[in-house]
Amino acid sequence: MLLEIENLLRLQDADKEIRRLQDEIAELPKRVAAIEHKLADTKAGLEKAQAAIKTDEAARRKYDTAITDLRSKISKYRDQSLDVKTNEQYKALLHEIQFAEKEIAATEDKILELMLNADTRDKEVKAAQAELKEETAEIEKEKADARERTAEDQKQLAEWRAKRDQMRAGVNEDLLRHYERVSKFRGSGIAEVLDHKCMGCQVMLRPQTYNDVRTGQQTVLCDSCQRVLYFNPAHEMQALEPEHKRARRHHPKIDAPQAWYYRQEFGEAGEVFLCLANAGGQASRRVFDMHTGRLVGDILIREGDYRHAFPEDITGAIRLNGSWTEHEMENWGTEMPMTALDSLHVDLEAAQYEMKSRASAKSETPAPASPQHAAS
Ligand SMILES: [Zn+2]
């Protein structure tokens, strides 16, 4: 990986951390404010309950006075009834007395109702007071926590800012400007390439762009999102690994008209991929450099099928999955495309993984297993 890219990645980490700290510092007063809001609600509830009690008490006093007044009226009517001259006058006074008595009874009912209400109001007030006490304690604790946290965050922020300034010095000015511009608009200025895609915008790269990123000789930008691209072979392997760990590897057919092999050594060429194919009673052999995908030497043609024509190439080689038409391969010219090369690498990786796990399974359980061939 380019040193510039490594510096940018470190810079991005610093930027992320700085943003996280800033967000956290901004978030803390909001949390305190939310509890304060709740506290104000509880306070208002308490005041309302207390006001209701006062209103009830005033009503109670009013009713008590009314009853006293009515009683004195009744006694006045009774006194008057002793002096009346006519039966009509007496009846009228009796009627007034009955009326006042009814009113007293009704007022007493209202007082009873108030007394029942007072119990509920009391409970409401006590509950609100308890809640207020709890929330007050909570907010004091929250405020203290926030102060402490903010101080710690501010300290870390200052450290990260210093680190960032140092990191910026390690990146080329033009690249830095570009990175910061894209970061500002897109939230990040650098993106990994995985499985031929820019992980920043999920757009497939052109083969040339992909090759440039993989070789890591120059800084490459994503055509679609403008992020600086980088490639990490370890991640690419990790991304591919779970696939062949989960699913069983598909095994190539023994009698396929075209067969791909991996050989660890092939004369001076070193590690190669071989493509053996049968066509029209003849067998052909293509040899590709396994790292560059370049065709090594000429295409060799022999009589008969490839098993009999090239037995020395097959012995000790690992059989791989791969199938391209004669026409496709002619179009490749002297170099197979990165997609084909990658798929062979992935399958080789899977085949080697399979062989390794089979070998370790055998050494763990020495019971005779049925004969299996990873390579043939
Ligand atoms: Zn992109």
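These are my notebook entries on a pocket, a buried asparagine, some aromatic rings and a few backbone angles in a predicted model.

**Entry 1: the largest pocket**

I began with the largest pocket, for which I noted a volume of about 760 Å³. Of the 34 residues in its lining, I listed Arg214, Thr215, Phe231, Met338 and Asp342 as the closest to the centre. I then looked up which elements give two or more residues to this lining, and found helix 4 (207–215), strand 4 (228–231), helix 5 (233–246) and helix 9 (338–364). Helix 9 gives the most, with 7 residues. When I sorted the lining of the largest pocket by class, I had 16 nonpolar, 11 polar and 7 charged residues.

**Entry 2: Phe231 and Arg181**

From the residues closest to the pocket centre I picked out Phe231, which lies in strand 4. I noted a relative accessible area of 9% for Phe231, so I entered this residue as buried, the limit being under 20%. I then turned to Arg181, which is found in helix 3, residues 173–186. Arg181 has a relative accessible area of 48%, and I therefore recorded it as partly exposed. Between the C-alpha atoms of Phe231 and Arg181 I noted a separation of 21 Å, with the two residues 50 places apart along the chain. For Arg181 and Met115, which are 66 residues apart along the chain, the C-alpha atoms are separated by 72 Å.

**Entry 3: Asn321**

Where does Asn321 lie? I found Asn321 in the loop between strand 9 (318–320) and helix 8 (326–332). Its relative accessible area is 17%, and I entered Asn321 as buried because the limit is under 20%. Looking for what surrounds this side chain, I found that one of its polar atoms lies 2.5 Å from the backbone oxygen of His250. Leaving aside the neighbours within four places in sequence, I listed the contacts of Asn321 as Arg249, His250, His251, Pro252, Leu344 and Asp347. His250 thus appears in my notes both in this contact list and as the residue whose backbone oxygen lies 2.5 Å from the Asn321 side chain.

**Entry 4: aromatic rings**

How many aromatic pairs does a search of the whole structure find? The search gave me 7 aromatic pairs. I looked at Trp324 and Trp332, whose ring centres are 5.3 Å apart and whose planes stand at 65 degrees, so that I recorded the pair as edge-to-face. The edge-to-face label rests on a plane angle over 60 degrees. Both Trp324 and Trp332 are buried. I also noted that Trp324 and Trp332 belong with Trp260 and Phe288 to one aromatic cluster.

**Entry 5: positive phi at Asp195 and His196**

I ended with backbone angles, keeping in mind that most residues other than glycine have a negative phi. Asp195, although not a glycine, has a positive phi of about 55 degrees. For His196, also not a glycine, I noted a positive phi of about 70 degrees. I found Asp195 in the loop between strand 1 (190–194) and strand 2 (197–198), and His196 is found in the loop between strand 1 and strand 2 as well. Are Asp195 and His196 buried or partly exposed? Asp195 is partly exposed, with a relative accessible area of 44%, whereas His196, at 12% relative accessibility, counts as buried.

Note on methods:
Residues are numbered from 1 along each chain as its sequence is written. This is a predicted model: local features need pLDDT of at least 70, side-chain atom pairs count only at pLDDT 80 or more; totals for chains, interfaces and linings use all residues. Side-chain values use heavy atoms; hydrogens and water are left out. On a 1 Å grid over the protein atoms alone, a cavity is a set of points where a 1.4 Å probe fits but cannot get out, and a pocket is an open set with protein on both sides within 12 Å along at least five of seven lines; lining residues have an atom within 4 Å of a point. Grid points are joined across faces, edges and corners, and a volume is the space filled by probe spheres set on the points. Helices (H or I, at least four residues) and strands (E, at least two) are DSSP runs, numbered from the N terminus. Ala, Val, Leu, Ile, Met, Phe, Trp, Tyr, Cys and Pro count as nonpolar, Asp, Glu, Lys and Arg as charged, and the others, Gly among them, as polar. Buried means under 20% relative accessible area, exposed over 50%, partly exposed in between (1.4 Å probe, protein chains only). A polar contact is a pair of N or O atoms within 3.5 Å; within protein, one must be able to donate a hydrogen and the other to accept it, and residues adjacent in sequence count only if both atoms are side-chain atoms. Contact means heavy atoms within 4.5 Å. Rings of Phe, Tyr and Trp (its six-membered ring) pair if their centres lie within 6.5 Å; planes under 30 degrees apart count as stacked, over 60 as edge-to-face and the rest as tilted.
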